[in-house]
Amino acid sequence: MTRRQRRFAATTRTLCTILTTSGVLAGAALTGAAPAGAVSRAAGRIASGVAYRQFDVPAARGTVHAHLLTVDLTDPHVQVDLLSPGAVAARSRVSTMAAAAGAVAGVNGDFFNITETQHPGVEATGAGVGPAIAQGRVLKSAVPTAQRFGPTLPPGTDTTDVFGVGVDRRARLDRLTLAGTVRTPDATLALRGLNQYALAQGSVGAYTAAWGRTSRKRATCGSDADRAAGCSKDTYEVRIRAGRVIASSATPGSGAIAAGTTVLLGREAGADRLRALAKGERVAVREHLVASGTRIPYRFAVGGYPVLRDGRPLPGLNDTASAVRTAVGYANGGHRLLLLALDGAAAYRSGMTIAEVASEMRRLGAADAFSLDGGGSTTMVARTAGARTVSVLNHPSDSPERAVANGIGVFWKP
């Protein structure tokens, strides 16, 4: 153990002996709205069942500084849920989302449609890559794997992979795939998308009020093999309300979708199927997400990709590309949650490889772990002593704090 590590361990033990039971985070270094000082060594309890600490980790490209939230899901006062900007196709800062939702802590979530430099003139949606569930409500399904943003996936993983917490209050890694149909008087079509920024070629996707006001044009761009492929010129959409077609358009639309209304958007063969629908015709749209690993409904789920299963790093994890990272894992049969965010301050920005993240999560006690968006998106927030809202604990490498698609929020209810 280095002198610096011994000094940190001694400081942490001292601080832990003076923690009160007031349910707030101790430590003068974490007060106010500014991020925590990267050289401070504060540790403490944010609320019953929610603890925070920070520490250094040796990595291949230099020492990194880590921030860790530990959440006890057996505590009846604690819940974990999705942080959302209010629409699937929108972005907001983690601190803003957490404050608006009343969370006591949180981190950033899924990778997302951050830019559209490959499709000039097309609006970037800000929507996440993978499935999303909030408060038990399905918000979206996964885009085709070739259309994702983010680093190369480990072998055997895809965009349907999620980290979630079931209604049984246990965390899990799983896969959520869309099962849906569009029934018309003449045929039943497969529904291949729900509130997604990208649709498979030849498919039909559904958009609801949860999507937001953003244009749906991006959903018709790219291909099943190449995110950069051009936008389809063969598109069609219909608007469904009260089980009937009320309007149609040859181009993808934008603007708010009224509650109780569904927009069906098709490209290529999917567009041809929608053109056959006449105004006033009956159409029934059904969709749900099917879990591959459990029959227990999810209260919350977010996309990303697995890096650790049953205490073992996944084969083929990248061990050369280092970056600032965010990860989530769990221990004790899914009852203890570990939320890890690296510091993006200049002194620590060299970061860790995904293989190193998996090893560190295992060292921290996680059985399974999951990579979330990183780089400039990596953000951890929590309530500091005496504060009514959250402050940023790490130094995000983007300044000001980057707006992101969603996050994981930790909530405490009396």
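Student: Which residue forms a salt bridge with Glu360, and how far apart are the closest N and O atoms?

Tutor: Side chains of opposite charge can pair when their charged atoms come close. The test for a salt bridge is a side-chain nitrogen of Lys or Arg within 4 Å of a carboxyl oxygen of Asp or Glu. Here Glu360 pairs with Arg363, and their closest N and O atoms are 2.7 Å apart. This is a predicted model, in which local features need pLDDT of at least 70 and side-chain atom pairs count only at pLDDT 80 or more, while totals for chains, interfaces and linings use all residues. Residues are numbered from 1 along each chain as its sequence is written, and side-chain values use heavy atoms, leaving out hydrogens and water.

Student: Where do Glu360 and Arg363 lie, and is Glu360 buried or exposed?

Tutor: Both are in helix 4 (residues 354-363), three residues apart, about one turn of the helix. Helices (H or I, at least four residues) and strands (E, at least two) are DSSP runs numbered from the N terminus. Glu360 has a relative accessible area of 6%, so it is buried, whereas Arg363, at 53%, counts as exposed. The cut-offs are under 20% for buried, over 50% for exposed and partly exposed in between (1.4 Å probe, protein chains only).

Student: Which residues are joined into one network by salt bridges that share partners?

Tutor: That network consists of Asp158, Asp161, Arg175 and Arg309. The count for the structure comes to twelve salt bridges. One of them links Arg275 to Asp272, with the closest N and O atoms 2.6 Å apart. These two residues are three apart in helix 3 (residues 269-275), about one turn of the helix. Arg275 is partly exposed at 38%, and Asp272 is partly exposed at 45%. Asp168 also forms a salt bridge, with Arg172, at 2.5 Å between the closest N and O atoms. Asp168 is partly exposed at 28%, but Arg172 is buried at 13%.

Student: How many aromatic pairs does a search of the whole structure find?

Tutor: Four. Rings of Phe, Tyr and Trp (its six-membered ring) pair if their centres lie within 6.5 Å; planes under 30 degrees apart count as stacked, over 60 as edge-to-face and the rest as tilted. Phe111 and Tyr305 have ring centres 6.0 Å apart and planes at 15°, so they are stacked. Phe111 lies in the loop between strand 6 (105-108) and strand 7 (132-134) and Tyr305 in strand 19 (residues 305-309), so the pair ties together parts 194 residues apart in sequence. Phe111 and Tyr305 are both buried. Tyr207 and Trp211 have centres 5.2 Å apart and planes at 85°, so that pair is edge-to-face. Tyr207 and Trp211 are buried too.

Student: The charged end of which residue sits over the ring of Phe111?

Tutor: That of Arg148, 5.5 Å from the ring centre. The rule asks for NZ of Lys or CZ of Arg within 6 Å of the ring centre and within 35 degrees of the ring normal. Arg227 does likewise over the ring of Phe149, 3.7 Å from its centre.

Student: What is the nearest side chain of opposite charge to Arg148?

Tutor: Asp110, 6.6 Å away; Arg148 is buried yet has no salt bridge. For this purpose Lys and Arg are positive and Asp and Glu negative, with His and the chain ends not counted. Arg148 lies in the loop between strand 8 (137-140) and strand 9 (161-166). Leaving aside residues up to four places away in sequence, Arg148 touches several others, including Phe111, Tyr197, Arg227 and Tyr305; contact means heavy atoms within 4.5 Å.
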